[in-house]
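Reader: I am new to this structure. Please take one part of it and walk me through it closely.

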Amino acid sequence: MSLLQISDLTKKVGNKIIVDHLSLEMDKGEILGLLGPNGAGKTTTIRMIVGLVSKSEGKVFINGEDTSLHFEKAMKQVGVIVENPDLYKYLSGYDNLVHFSRMNSKVTKKRISEVISLVGLDHSINDKVSTYSLGMKQRLGLAVVLVHKPSLLILDEPTNGLDPAGIRELRGHLISIVKNEGVGVIISSHLMSEMEMMCDRVAILNKGKLIGIHNVSEMVEDECSEVGFEVDRPDYAIQVLQSFLAGKTIIADRKQIKVRIPKERIPEISQQLLGAGINVYNIQTVKKTLEDKFIEITGGNIQ
Amino acid sequence: MNLIRNENMKIYKRKRTWVMVAFVIVYVLIQIINLKTAEDTDFGKDWRTKLEQENISLSKELEKSNTLIIEDKQAKKKLLLNQYYLENNIPPDTNAWSFAVGQISNIIFAVSLIAIIIGGEIVAAEFGSGTIKLLLTQSASRTKIYFAKYTAAILFGLFLTLVGILTAILFSSFIFGLDGLGGNYFFVKDQTVVGVPILQALIGSYLLNIPFLFLAITLAFMISAAFRSTTFSIVISILVTLVGFILSIAMNGWNWTKYFVFSHTDLNQFIFGTPSVEGMTLGLSVGFIILHLLILHLISYPIFVKRDVA
């Protein structure tokens with residue numbers, strides 16, 4: 001049984017279809033990213049999964065439990081942060097934790113102190129949340145959603161408003177949680193470089209439709225990548241390589257010449273260049289990012 | 001239930017709440033000072049002559065024609081009570097207990113206005129602060145959260161009333177003394193004077209005045225849950241409650257008030273008095289109030305449970 005199963009999830013508002021028959025599945029120990037431009041339906045999808053927004057059509061199963069039929073049972077296994085974790089500012093961090101752990105049965109005091117040290121808030125847990133920094137609030141938010149040991153974490157745009165250090169910290173926490181507690185995580189974001197670093201798989205949404213699900217490692221490691229050679233005589237280098245790499249496009253960019261080749265061909269090319277008396281100062285592989293891939297998949301038609 | 005404990009924590013851990021409690025205490029104190037300075041509470045030995053004088057002036061007032069029905073009623077009541085005191089040779093006595101009984105409807109009115117603040121924000125504030133997203137994605141159905149919040153708001157109103165009554169007894173005892181617990185509370189029912197033990201009157205009128213509090217809090221809660229606006233909810237509820245309270249007194253005795261819910265919320269009229277309009281009964285009034293509470297919930301409950309939190 002999959003941890004999360006979504007079938008034909010649809011949201012219509014008036015004549016507008018915001019999410020269009022979306023189906024996907026995910027398993028434990030996996031980080032799945034929902035990727036898409038603004039307005040693609042990521043947030044609506046997540047809010048339908050967690051019951052904040054009603055579904056026009058379709059079903060959501062969490063560990064086989066239908067969320068429309070057994071909401072409380074299904075949600076016992078889920079921790080949700082939608083956008084910034086808005087907590088009760090006038091309560092202390094500890095009271096916030098007590099508040100939300102009371103809403104789920106079987107949370108012990110020991111578990112509460114466990115999550116506090118997990119997110120490293122031991123020193124400030126008795127301070128009012130209004131005195132917390134955004135990063136601390138983010139950590140407390142994580143503690144709140146982890147306190148009842150969910151098997152599925154759902155995060156909607158968790159990196160919104162965080163500075164690079166905060167994002168990095170959050171990423172570290174998430175990866176360790178997945179490793180240590182074996183939970184599955186679903187994250188929506190429009191920050192592609194972030195998703196590339198965090199996720200195992202990404203589901204790409206555009207205009208409410210699921211365009212494809214890809215393994216991040218496969219997407220990024222392509223067989224051919226762009227390699228740049230920095231040389232002293234680029235014109236001559238092009239001449240040399242043109243006969244050697246027949247049929248390939250060679251681009252000259254000031255002192256650099258760029259070709260798309262598999263990794264294995266780098267040594268022989270450099271040998272050719274050196275053999276022709278051309279000095280090579282630098283060889284650089286330009287990694288193709290998820291962003292390039294994303295643009296490619298959505299046809300560049302983001303709007 | 002844990003959800004109610006949560007709501008209580010969110011109410012009582014805020015300093016603001018204790019400012020409201022302080023308001024109620026100050027209000028009661030003002031009432032005590034008011035009574036002490038405005039009315040002669042110590043009748044002394046010549047209480048007979050004083051009551052007789054009062055009765056003469058009351059009779060004169062009754063002869064005037066430009067008075068409201070309620071004024072006539074009050075004067076007649078006072079007249080009957082005074083005559084009863086004179087006939088039975090009971091000196092009128094103001095003590096902490098009789099003061100508290102007399103103040104209950106005032107206290108409930110003041111408490112309602114303050115409890116409206118809590119009732120008006122208990123749902124809307126969660127939307128305002130964004131915490132609603134976390135609250136509704138826990139393992140608790142929206143129905144449970146709705147009723148936990150409503151219960152907490154009502155409990156806060158009852159707590160505030162209790163604070164008010166206890167303050168009234170405590171502080172007035174410094175001025176009027178605690179004697180008289182064994183005495184009787186006298187009221188006019190169907191043109192005759194009846195007396196009940198003062199403690200019975202105290203508890204009785206507390207319970208019988210509570211519908212007003214319920215109606216005020218439920219109205220605020222309904223607007224809060226349905227429209228998600230704290231300000232809107234508090235302002236409208238306070239306005240409606242104020243106007244309702246004033247109309248129910250000023251229009252007391254007019255026939256149309258039979259269909260006006262605020263004329264029903266003081267159930268004291270059936271036990272410790274005379275109904276404001278002939279034909280009104282306790283059962284009818286209770287039913288009428290419950291009908292109003294139900295309608296309010298029928299508006300807000302479906303909206304709250306079905307709303308998309310975007």
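Author: **The core and the sheet**

This is a predicted model. Its largest nonpolar core has 127 residues. A:Ala143, A:Ile154 and B:Ala115 have the most contacts inside that core.

Take A:Ala143 first. Leaving aside neighbours within four places in sequence, A:Ala143 is in contact with A:Leu97, A:Val115, A:Ile116, A:Leu118, A:Val119 and A:Leu121. A second core, separate from the largest one, has eight residues. Among them are A:Val231, A:Leu241, A:Ile269 and A:Leu273.

Now the sheet. In chain A, six strands make an open sheet with mixed pairing. Their order is β6-β7-β8-β3-β9-β10. At the edges are β6 (78–82) and β10 (209–215) of chain A, and each pairs on one side only. From one strand to the next, the twist averages 15°.

Look closely at the β6 edge. In chain A, β6 runs parallel to β7 (residues 152–156), and five bridges join the two. One bridge partner can be named: A:Ile81 is matched by A:Leu155 in β7(A). In general, the strands of a sheet pair through backbone hydrogen bonds, parallel or antiparallel.

Helices meet this sheet too. Helix α5 (residues 134–146) of chain A packs on the sheet and touches β6 and β7 of chain A. The direction of α5 makes about 155° with that of β6(A). Helix α1 (residues 42–49) of chain A lies across five strands of that chain: β3 (31–35), β6, β7, β8 (184–189) and β9 (201–206). Against β7(A), helix α1 runs at about 145°.

Note on methods:
Residues are numbered from 1 along each chain as its sequence is written. Chains are lettered from A and ligands numbered from 1 in the order in which they are written. This is a predicted model: local features need pLDDT of at least 70, side-chain atom pairs count only at pLDDT 80 or more; totals for chains, interfaces and linings use all residues. Two strands pair if DSSP finds at least two bridges between them. Helices (H or I, at least four residues) and strands (E, at least two) are DSSP runs, numbered from the N terminus. Axes are lines fitted to C-alpha atoms, for helices over the stretch in contact, and angles run from 0 to 180 degrees between N-to-C directions. Two residues are in contact if their C-beta atoms, placed from the backbone, lie within 7 Å. A nonpolar core is a set of buried Ala, Val, Leu, Ile, Met, Phe, Trp, Tyr and Cys residues joined through C-beta atoms within 7 Å. A residue is buried if 20 or more other C-beta atoms lie within 10 Å of its own, exposed if 12 or fewer, and partly exposed in between; C-beta atoms are placed from the backbone.
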